[in-house]
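Please open the structure in your viewer and keep the selection tool at hand, as this tour goes from one selection to the next and says what is found at each stop.

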Amino acid sequence: MNNIYYLFSVKDHCFTDLSLIIKKNKPNSLFYGMAYAKSPVLKNKIYSHISYISDVINKNGAIDYAFLEGIEKTYDVNVSSLIHTDRHLLRFAKKNRLYVAQELLRLFIHEMNEFKIATIVVEGIDDFISVFASTYSKHHGIKLIFPTYVGYSGRTCLTGHVFESF
C-alpha cells in the first residue's frame, strides 16, 4: 500500500489531478493531507482524510515547551526560525504563533504515524509545516516530492531534493 500525504497550501488542481493519475496507476494508494482551509476541490472522495490548518489556528492553549524542545533536539531545527517561514503564523502574537506551531507539529507527526505515510507531496517548501516536513521526511526515510521551476522555460518538474545552505 502506498500512503501519500499532501501538504496543500494553495490547493492547486495540479496536485488534486496528480492523485487521480496515481490512483489509476496504483489503485492501492491511499491519500491523506493537510490544507490551510476547506475547499470544494479537497472534498473529493479520493482523499481518506484531510486535516485543516484553519481548525488549528482558531484554538488557544498552553505551550508545551518540553515537546517543542524535543522537536528541536530530535530534528535539529529551530522552531522559531521555522515559524518565520510562514506568513500566516506571523500575523499572530508571539505566544499564539508558538501554540499554533506546536499544534501543527503534533497533528503532522500524529498523522504521519497513524496513516503510515510513505510519500509526502508538498506544493512548495515555503511555509512552516512544509519546511518541517522536509526535515521530518529526511529523518524518517519518507519520500518527499515538491515542484520546482526548471531554468527560464517557465516549466516545472517534481523533485525531492532540498538544498541546505552551506
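**A crossing of two helices**

Begin by selecting helix α3 (residues 65–75) together with helix α6 (residues 128–140), whose axes come within 10 Å and cross at roughly 60° in this model, which is a predicted one. Because angles of 65 to 115 degrees count as roughly perpendicular and those under 35 degrees as roughly parallel, the crossing makes α3 oblique to α6. The crossing of α3 and α6 is left-handed. To see where they touch, select I71, T74 and Y75 on α3, and then F132, T135, Y136, H139 and H140 on α6, since these residues make the contact. Sorted by class, the contact of α3 with α6 holds four nonpolar and four polar residues, with no charged ones.

**Into the core**

Stay with F132 and show its surroundings: apart from neighbours within four places in sequence, F132 is in contact with I71, Y75, L82, L105, F108 and I109. F132 is also, along with F108 and F128, one of the residues with the most contacts inside the largest nonpolar core, which has 42 residues. Now select helix α5 (residues 94–114), which supplies ten residues, the largest share of this core. A second core, separate from that one and made of 14 residues, can be found by selecting I4, F15, L42 and I46, which are among its members.

**A stop in a loop**

Finally, select F92, which is located in the loop between α4 (79–83) and α5. Which residues does F92 contact, leaving aside its neighbours within four places in sequence? They are I57 and R97, and although F92 and I57 are 35 residues apart in sequence, their C-alpha atoms are 9.4 Å apart in space.

Key
Residues numbered from 1 in each chain as written. Predicted model: local features only at pLDDT ≥ 70, side-chain atom pairs only at ≥ 80, totals over all residues. Heavy atoms only, no water. Axes fitted to C-alpha atoms, helices over the stretch in contact; angles between N-to-C directions. Helix = DSSP H or I, 4+ residues; strand = E, 2+ residues; numbered from the N terminus. Parallel < 35°, antiparallel > 145°, perpendicular 65-115°, else oblique. Left-handed = near helix turned anticlockwise from the far one by under 90°. Contact = heavy atoms within 4.5 Å. Nonpolar A, V, L, I, M, F, W, Y, C, P; charged D, E, K, R; others polar. Core = buried A, V, L, I, M, F, W, Y, C linked by side-chain atoms within 4.5 Å. Buried < 20%, exposed > 50% of the residue type's maximum accessible area, 1.4 Å probe, protein only.
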